[in-house]
Amino acid sequence: MFIDQVKIYVKAGDGGNGSVSFRREKFVPKGGPDGGDGGKGGDVVIEASPQLSTLIDLRYQQHYKVKHGVHGSGHMAYGKASPDRIIPVPVGTLIRNFETEEILGDLVMAGQRVVVAKGGQGGRGNTHFKSSTQQAPLEAEVGGIGQDFWLTLELKLLADVGLVGFPNAGKSSLMAAMTRAHPKVGDYPFTTLHPNLGVATWRGSNGRDLHVTVADVPGLIEGAHEGKGLGIQFLKHLERTTALLHLVDTSEMAMGDPVHDFEVIREEMYRYHPKMHDKPFFVAATKIDIAGNREKIEQIQRHCAEKEIPFFEVSSATGDGVTDLIRTLSITVEQHRNNSHQSLDYVSRDQSIP
Ligand SMILES: Nc1nc2c(ncn2[C@@H]2O[C@H](COP(=O)(O)OP(=O)(O)OP(=O)(O)O)[C@@H](O)[C@H]2O)c(=O)[nH]1
Ligand SMILES: [Mg+2]
């Protein structure tokens with residue numbers, strides 16, 4: 001299973017100290033206490049951002065410290081609180097206390113937040129310590145200490161696009177053609193035993209790179225939703241993906257009928273959970289360099305046209321069609337990310353999957 005893991009140190013802000021001060025006014029010989037309170041120290045907050053797809057930034061910056069709150073001062077001046085420090089992480093990040101291994105949060109939703117270290121309270125100024133017996137208190141509190149911890153952050157498989165299909169359909173080969181990942185490819189079913197993640201990049205028309213995380217999971221077979229083959233365990237990994245790309249082997253050597261193969265896998269996903277059919281969905285005919293008379297390509301293409309499913313044809317061996325596919329997937333994923341309302345909607349639906 002893919003896990004991107006980092007260890008970071010967080011330290012929330014200490015509270016500002018309360019002030020010891022007395023009023024000094026003309027014609028008022030003994031002014032009372034007027035020391036203000038210190039400001040609260042900022043918290044450290046971790047927030048799931050749909051813009052991020054890896055924890056790589058946190059590998060480069062390991063320490064996150066928040067400034068202390070401003071100290072109180074005379075004339076009842078309260079110190080300002082120091083601002084919270086927000087650390088953005090990808091959706092799918094699990095946060096643990098490094099020492100106790102206690103889970104502090106599992107950020108599965110864009111915008112979801114968890115306070116991982118609380119800032120100290122501001123100390124009270126000497127105005128609070130005035131009493132009938134003590135008219136001129138020399139006492140004030142120091143600010144509370146901000147919490148500090150070492151944390152481990154783990155990114156669980158939460159890809160943008162999941163590759164689905166029968167064993168040997170060419171998923172890992174396509175993954176290798178679209179990304180820099182090097183998954184194992186083999187001329188036999190169930191070559192892939194664990195999901196692999198890779199990142200496909202598309203340079204948008206504005207010159208900005210769009211990154212799409214692709215998950216290559218073990219092949220599915222009939223009965224997968226009941227746990228047949230490597231089955232259910234990996235359907236689970238596809239739950240949280242934005243879009244699905246279904247690969248159908250259209251080479252001359254492929255054993256089955258492409259339309260039948262396609263419907264079997266589509267049905268497995270539906271039976272696993274009907275909401276799997278609500279995701280943006282694409283079909284790609286694979287291995288078109290060895291498709292012979294193209295009969296299988298045309299069969300599945302007609303079927304997709306009838307069902308209004310976007311259809312592509314690719315060869316991972318020659319690279320034909322791969323760029324076009326990356327472009328479409330990137331645009332779809334980007335639209336999804338920009339639509340945070342939709343993204344929240346997705347996750348809440350995903351959470352309802354048992
Ligand atoms: N000629 C040709 N062969 C391909 C192409 N894509 C995949 N293959 C071959 O098809 C076989 C299966 O490819 P994989 O990428 O391992 O298929 P998979 O879907 O990942 O298979 P599992 O992991 O077992 O489910 C390998 O022998 C590949 O070399 C292609 O575009 N052209
Ligand atoms: Mg594979």
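Which helix gives the most residues to the shell around ligand 1? In this predicted model, that element is helix α2, spanning residues 171-178, which supplies three residues to the shell.

The surroundings of the ligand can be described further by proximity and by class. The shell around ligand 1 comprises 24 residues, and those that come nearest are G170, S172, S173, T192 and G219. Sorted by class, the shell holds twelve polar residues, eight nonpolar residues and four charged residues.

Beyond the ligand, the chain as a whole may be considered. Its secondary structure consists of seven helices and 14 strands. The C-alpha trace extends over about 105 × 40 × 30 Å along its principal axes. The radius of gyration is 29 Å, whereas a compact globule of 354 residues would have a value near 20 Å. Of the 354 residues in the chain, 44% are buried. Among contacts with a sequence separation of 6 or more, 73% join residues 24 or more positions apart.

The buried nonpolar residues lead to the interior of the model. The largest nonpolar core contains 43 residues, of which L163, V214, A284 and L329 touch the most other members. For A284, once neighbours within four places in sequence are set aside, the contacts are L245, L247, F312, E313, V314 and L325. Another core, of 20 residues, lies apart from the largest one and includes V6, I8, A48 and V89.

How values were computed: Residues numbered from 1 in each chain as written. Chains lettered and ligands numbered in written order. Predicted model: local features only at pLDDT ≥ 70, side-chain atom pairs only at ≥ 80, totals over all residues. Near = placed C-beta within 6 Å. Helix = DSSP H or I, 4+ residues; strand = E, 2+ residues; numbered from the N terminus. Nonpolar A, V, L, I, M, F, W, Y, C, P; charged D, E, K, R; others polar. Core = buried A, V, L, I, M, F, W, Y, C linked by C-beta atoms within 7 Å. Buried ≥ 20, exposed ≤ 12 C-beta atoms within 10 Å, placed from the backbone. Contact = placed C-beta atoms within 7 Å. Rg over C-alpha atoms; globule rule 2.2 N^0.38 Å.
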